[in-house]
Structure formats: C-alpha cells, structure tokens
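Work through the exercises below with the sequence and the model at hand, and try each task before reading its solution.

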Amino acid sequence: MKKLQMISAITSLLIATPLMAQTTIIKNINGYTLSGETLIKFSAISFTNDTINKTYQPGETVDIASDVVVIDGHGKTMLPGLIDAHGHVLGYGHSLLRVDLVNSASEADAVNRTIVYAKDNPSQHWVLGRGWNQVQWLNNSYPSAKSLDKAFPDKPVWLRRVDGHAGWANSKAMALAGITSASKGPAGGEIIRDENGQPTGVFIDNAMELIIASIAQPSRSEDKLALTKAMHSLASLGLTSVHDAGIDQNNINLYKELASENNMTIRINGMLYLPSENWQQQLAQGPFKTHDDMFIFNSVKIQADGALGSRGASLINDYSDHAGHKGLLLHDKETLQHYIDFAMNAGFQVNTHAIGDNANKLILDLYQQAIAKSNTKSLRHRIEHAQVLRLVDIPRFASLNVIASMQATHATSDKNMAVTRLGEQRILGAYAWRKLLDSNAVIAAGSDFPVESPNPFYGLHAAITRQDHNNSPQGGWYGDQKMTPVEALRSFTLDAAYAAHQEKLIGSLEAGKKADFILLSDDIFTMPASQIWQSQVLQTWVAGKKVFSLAEPSVAK
C-alpha cells in the first residue's frame with residue numbers, strides 16, 4: 001500500500017512538473033503592444049512555457065513546427081496584461097464576502113442592503129460592510145447610528161466608507177468599543193458629534209481604530225480564502241498584476257505560501273505598511289521575490305493624510321466648504337521622516353499616500369532630503385494618489401525621479417465635490433495628468449480598489465475621456481488633462497511595470513518577457529472612447545497559462 005502511495009505521489013509530481021518546453025502560438029489576433037512610446041501591432045504571438053519568443057507583424061509568415069500548440073484567436077484583440085499599480089487585495093477579497101454598499105442611493109438604501117445581507121448571513125457576530133459615500137446621497141450628509149439601530153438594536157454593525165477613511169457604527173458597536181460622549185478622538189482622527197456633543201456613529205481616519213479594536217480579526221484561513229477569491233476576480237477583469245498597497249507580515253507569509261502551492265492566479269507586488277507589526281525586522285531581511293516572479297516585495301507604503309471626500313486630506317489652506325478646517329496629517333513630520341529614512345536606508349522603494357496639497361508638498365520635501373542622504377534616486381520612490389498638487393510642485397516629480405501613482409476613476413468619482421472642497425484655483429493642480437505628463441513625470445495607473453471598481457477598463461475610459469459612464473460632462477471634466485489612448489494604456493502596462501522595477505519582465509509583449517496577456521471582444525483603439533468601460537475580457541493569461549476564460553467559468557486553480 002505504501003509503495004502504491006509513493007508511486008501515486010511521484011506520478012502526481014511528474015504531471016505537475018513540466019518535463020519539456022512547450023511552445024504555443026496564438027495566431028489570427030488583432031494585437032497591440034508598446035515599444036517605448038510607440039504602439040506596435042501584431043497578428044500572432046509565440047511563447048514557450050512562460051516566456052515570449054516572438055510577436056509576428058501583420059502579414060508575416062508564422063512558421064509552425066509539428067510539436068507546437070496552435071490556438072486560433074478568431075481576430076480578437078490582444079493586449080499586454082493590465083497592471084493595477086494601487087489596490088488592496090485582501091480588503092477587496094473580504095469585500096466580496098461582506099455587505100456591498102457601493103453606489104447606495106441613500107442612507108436608507110445602505111441600511112436596507114445591510115438588512116438583506118444580515119438575513120443571508122445570520123451566523124456572523126458582527127455585520128461588516130463597505131462602500132457608502134454620502135456625497136452621492138441627496139442630503140450630502142454623514143449617516144448616523146440611529147438609522148442602523150432600528151434594524152440592529154442588539155447586533156454590532158460597522159460599515160466603512162468607500163475610500164476606507166471613515167466608518168459608520170451603530171450604538172451596539174459603540175457600546176462594545178466603550179464609546180461615550182467623553183471619548184476623545186486620537187491624533188489624526190475625529191469622532192463626528194451631534195449638537196449635544198454625542199457621537200453620531202461616524203469615525204474619521206485614526207478614530208476608526210476605536211471601533212475596529214473591538215472586532216475579531218479574520219482567521220488566517222479566512223484571509224487566505226479572501227486573497228484567493230480576490231485574485232480570481234481580478235484576473236477575470238483583465239488584471240495580470242497588482243501592486244498591493246499596504247500589507248503586513250502576515251500577508252507576506254500568506255502570499256509566499258500561495259506561491260509555494262502554485263496558487264497565485266496573478267502577480268502581486270506587495271508594499272509593507274508602515275507602521276505594522278515587526279516592520280523594522282521585516283525590512284532588515286531585505287527585498288524578496290519568488291523564483292517565478294509571481295510575488296515580489298521591494299517597497300513600503302506610508303500614509304501621510306486622509307481622503308478628500310471625508311475632508312481628511314491635508315490642505316495648506318482651509319477647505320473651501322469648511323472654514324477653519326485643513327484636514328489631517330496622520331503622522332507628524334518627524335515620524336514620517338523616520339519611516340522614510342529607515343526604508344530608504346534598507347534599500348526599499350518608498351510609496352507614500354498623499355492626497356492634499358500640504359501632504360504632497362511635505363512628502364516631496366521629505367523625499368528630497370532623504371533621497372540625497374540615502375542616494376536612492378534610482379529606487380523610483382512613489383507618491384500614491386498625488387491628487388491635489390500645487391502647480392509649482394508638479395515638476396518636482398520628474399526632477400526627483402518620483403513616480404505619480406494615480407487613479408483615473410478618482411477624478412470622475414470626485415468631480416461632483418472636488419471643486420466645492422478645493423475652489424476654482426486649487427482644482428487646477430488636482431487630478432492633473434496632462435500637467436504631470438508634460439513635465440516628464442511617470443504616471444502608474446491603478447484604481448485603489450475596493451475604493452473604486454478594480455475594472456481597469458473603467459480607468460482607461462476615465463483617463464481618455466474624463467467622463468463618467470453617462471458621458472458627462474461633455475468634453476470631459478477639465479478635459480485639457482486627458483490622456484491619449486496610448487498614454488492611458490502605457491500607464492496601465494509599461495509605466496505600471498516600471499513603477500515596480502519590472503519593466504524588463506512584464507508590461508509589454510516582447511521577446512524574453514513573461515507571457516502575460518489578455519484577449520478582448522473589442523478594439524479599444526477603434527471603438528468609440530465613450531464605450532471603452534464596457535469592454536469585455538474573454539481570456540486572461542499569466543505566465544503562459546490561461547487563468548480565466550469567459551466560456552470556462554472555473555479555469556483558475
């Protein structure tokens with residue numbers, strides 16, 4: 001019996017391990033890739049195992065050996081696999097398992113969705129969800145615990161805002177957390193109160209931890225399930241790589257485990273969140289990557305301020321719609337300097353969340369000093385979001401070799417409140433893609449999912465049109481800041497790869513690079529720009545393996 005088990009184990013290993021190189025050619029395709037800034041067309045692609053051999057120009061003869069696997073692309077469009085340079089994979093995975101409040105029409109609608117979810121998941125001790133956005137509601141006001149209390153008098157509820165920078169709790173959740181009228185908001189956070197000084201149930205930025213501390217954290221197996229579910233979902237949208245913006249040591253170990261099990265559906269570039277548990281010891285071990293490049297870890301994520309929608313973004317002058325309020329810095333200057341210096345000296349790329357013009361100026365100032373001291377200009381440090389900039393700070397990105405990691409859909413989501421928050425002058429340096437590109441800055445595109453949809457075609461559409469899905473406003477919101485279609489594709493491919501030091505590995509379909517690509521139903525370069533967001537992914541291939549097919553719902557391992 002033992003001998004049979006051993007033979008079976010050896011046989012399984014041989015089946016799982018390639019014994020010889022397998023070459024595949026996909027022909028009859030409408031292919032696009034980038035070479036530098038030039039868009040190149042091709043009609044066929046050859047790859048062996050996970051590496052591209054060649055792309056064939058239209059009309060070029062494709063030599064096919066007898067042992068080659070040949071696939072007919074039926075004229076469909078092929079693009080390099082798209083890369084999201086800023087997402088939150090674990091949070092997205094858990095959001096797929098929680099109340100979805102994205103695009104809820106009102107506070108009442110959000111409560112009703114929560115009721116439906118709770119009825120379908122009665123065994124959960126806490127009701128958790130995410131996605132509400134009071135700016136989209138008619139009253140434009142924060143929600144309150146009272147509306148949740150009617151439906152949930154005895155079960156705690158915690159619902160995070162769409163941007164993750166505010167949370168909404170019911171009275172039961174606040175009671176479990178020990179929140180009273182005497183509770184004080186921590187530095188970098190705020191407890192929203194009513195006219196009588198009572199907490200309303202909304203907690204901003206660092207104050208959210210007052211509630212979160214009372215919530216039992218997901219188990220390791222639940223986190224692993226969430227990561228796996230998220231990667232499968234992201235692959236179905238055409239993403240072959242994601243920069244996971246803010247993970248901890250546990251996440252790193254889970255990714256390593258998934259990679260060792262050959263269960264990484266897409267590539268992940270992890271950024272260690274500072275501060276997180278044992279972060280100094282983790283950085284002391286140096287950068288890491290798996291042998292197959294499916295998981296790499298060479299950067300950190302720091303958060304300087306909050307978000308614009310919750311008025312947590314740190315501005316130099318008062319919010320235009322809130323006199324006396326300038327937003328929040330989540331760390332003082334000395335603490336930020338410590339994190340930046342430590343990471344740069346350890347040889348890590350530093351990626352800092354900065355949304356307001358004060359936060360962006362401060363981080364650029366700190367980067368300038370730290371880069372000079374550590375001699376790490378070549379590490380291509382990044383500012384995540386780079387959302388509201390002083391015009392004089394825009395040229396500093398290129399001069400410091402700092403990458404602007406930006407999310408195009410933030411502009412189309414924020415257009416209904418950004419001018420109100422910033423006024424007519426500051427808005428000229430906000431979501432300023434064209435100004436950054438014209439100053440020779442590199443823009444790495446992403447979505448910030450689950451804050452926004454991870455669908456990269458939403459981002460391509462927003463970058464090219466600066467319109468929402470209703471083609472509004474006409475001509476685009478501050479349409480002079482649009483990207484060209486080639487620039488938009490580059491921001492989701494080569495420049496996103498460059499932002500992870502992976503431009504020689506992925507980002508374009510060229511000989512020697514990894515066979516990461518997608519097949520689409522439409523040609524994004526010939527279809528109406530207004531319809532790009534509706535593009536349908538037919539297949540997603542990572543490292544020469546098909547991980548998603550629209551006709552095969554469950555092909556990813």
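**Exercise 1.** Determine what share of the contacts between residues at least 6 apart in sequence join residues at least 24 apart, and set this beside the overall dimensions of the protein.

Solution. In this predicted model, 71% of the contacts between residues at least 6 apart in sequence join residues at least 24 apart. The C-alpha trace spans about 80 × 65 × 50 Å along its principal axes. For 557 residues a compact globule would have a radius of gyration near 24 Å, and the protein, with 24 Å, agrees with that expectation. The chain forms 18 helices and 25 strands, and buried residues account for 55% of the 557 residues.

**Exercise 2.** Decide whether Asn-269 is buried or exposed, and list its contacts beyond four places in sequence.

Solution. Begin with the location of Asn-269, which lies in strand 16 (residues 267–274). Its relative accessibility is 0%, and because buried means under 20%, Asn-269 counts as buried. Leaving aside residues up to four places away in sequence, Asn-269 touches Val-242, His-243, Asp-244, Ile-296, Asn-298, Ser-299 and Ala-500.

**Exercise 3.** Classify Leu-97 by its accessibility and identify the surface patch to which it contributes.

Solution. Leu-97 sits in the loop between helix 2 (89–95) and strand 9 (99–100). Its relative accessible area is 33%, so Leu-97 is partly exposed. Together with Leu-96 and Leu-225, Leu-97 makes a nonpolar surface patch of about 240 Å². As a setting for this patch, the accessible surface of the protein comes to about 23,000 Å², of which 52% belongs to carbon and sulfur atoms.

Definitions and conventions
Residues numbered from 1 in each chain as written. Predicted model: local features only at pLDDT ≥ 70, side-chain atom pairs only at ≥ 80, totals over all residues. Heavy atoms only, no water. Patch = residues over 30% accessible without salt bridge, like charges linked within 9 Å, V, L, I, M, F, W, Y side chains within 5 Å. Areas by Shrake-Rupley, 256 points an atom, 1.4 Å probe, with all protein chains shown as cover. Salt bridge = Lys/Arg side-chain N within 4 Å of Asp/Glu carboxyl O. Helix = DSSP H or I, 4+ residues; strand = E, 2+ residues; numbered from the N terminus. Buried < 20%, exposed > 50% of the residue type's maximum accessible area, 1.4 Å probe, protein only. Rg over C-alpha atoms; globule rule 2.2 N^0.38 Å. Contact = heavy atoms within 4.5 Å.
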